[in-house]
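Hello,

Here is the structure I promised to pass on to you. Please have a look at it first, and then read on for what turned up.

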Amino acid sequence: MRTIICVAMLLSSAGAAVASGGIWCSTDDAAAIFEVEAGVTRGMGGPTFNFRGDLEIKARPVGDHLRKTVFEDSNLTQYWLDGKELRLNIYREYEVANAFNSVELTILTKASDEGVYDGQYTLAIYDNAADTDKDGKPVELIGKVSCGAE
């Protein structure tokens, strides 16, 4: 009886070890440097947890409040992960002197190997002070990104 209980406990604890994994993406090019990552549960729709990331927009002046952005859980607005694609949409909004500015990072990748995803990012930066036409259109930067998932 003890053997059966021990085996059952061992198998149930092994299942918990594979109950979660992670996703991560990074780039370092002429336009930007960033790294984002999150834990992902298996089952229950695969929600993320502990999402975080750092972004530096190299084209923005040093000291500019939009040059560096820290992302948290609430900034990951959408994600998609299956064996073929990894997609992330990350959005952060800032209020400065009753004006709103934003940074949106969209990552679209396709699997190139098991757990390896390569593709493109689009970074949309809206700076209210620089929007002289007041058309609300952000400046977009595009580059290559590498991601992983386990």
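**What was found**

Of the 150 residues in the protein chain, 35% are buried. Please keep in mind that this is a predicted model.

Let me begin with the overall layout. The protein chain has one helix and nine strands, and from the N terminus on the order is α-β-β-β-β-β-β-β-β-β. Among contacts in the protein chain with a separation of 6 or more, 43% are between residues 24 or more positions apart.

Next, the aromatic side chains. How many aromatic pairs does the structure hold? There is one, and F34 and Y121 form it, in an edge-to-face arrangement with 5.2 Å centre to centre and 85° between the planes. F34 belongs to strand β2 (residues 32-41) and Y121 to strand β8 (residues 116-126), so the pair ties together parts that are 87 residues apart in sequence. Are these two rings' residues buried or exposed? The cut-off for buried is under 20% relative accessible area. F34 counts as buried because its relative accessibility is 3%, and Y121 counts as buried because its value is 0%.

Another residue you may like to look at is N89, in strand β6 (residues 85-96). Its relative accessibility is 14%, so N89 counts as buried too. Which side chain does the side chain of N89 meet in a polar contact? That partner is the side chain of E104, at 3.2 Å. Leaving aside neighbours within four places in sequence, the residues in contact with N89 are N75, L76, T77, Q78, E104, L105 and T106. E104 therefore appears both in this contact list and as the polar partner of N89.

Finally, the pocket. The largest pocket holds about 200 Å³ of space. Its lining consists of 15 residues, and those nearest the centre are R60, I125, D127, A130 and V139. Two elements, β8 and β9 (139-149), each give two or more residues to the lining of this pocket. Strand β8 is also where Y121 of the aromatic pair lies. What classes of residue make up the lining of the largest pocket? Eight are nonpolar, one is polar and six are charged.

When you open the model, you could start from the pair of F34 and Y121, go on to N89 and E104, and end at the largest pocket with R60 and D127 among the residues nearest its centre.

Best wishes

How values were computed: Residues numbered from 1 in each chain as written. Predicted model: local features only at pLDDT ≥ 70, side-chain atom pairs only at ≥ 80, totals over all residues. Heavy atoms only, no water. Helix = DSSP H or I, 4+ residues; strand = E, 2+ residues; numbered from the N terminus. Buried < 20%, exposed > 50% of the residue type's maximum accessible area, 1.4 Å probe, protein only. Polar contact = N/O pair within 3.5 Å; in protein donor to acceptor, adjacent residues only side chain to side chain. Contact = heavy atoms within 4.5 Å. Phe/Tyr/Trp six-rings, centres within 6.5 Å; stacked < 30°, edge-to-face > 60°. 1 Å grid on protein atoms, 1.4 Å probe; cavity = no way out; pocket = protein on both sides within 12 Å on 5 of 7 lines; lining within 4 Å. Points joined across faces, edges and corners; volume = space filled by probe spheres on them. Nonpolar A, V, L, I, M, F, W, Y, C, P; charged D, E, K, R; others polar.
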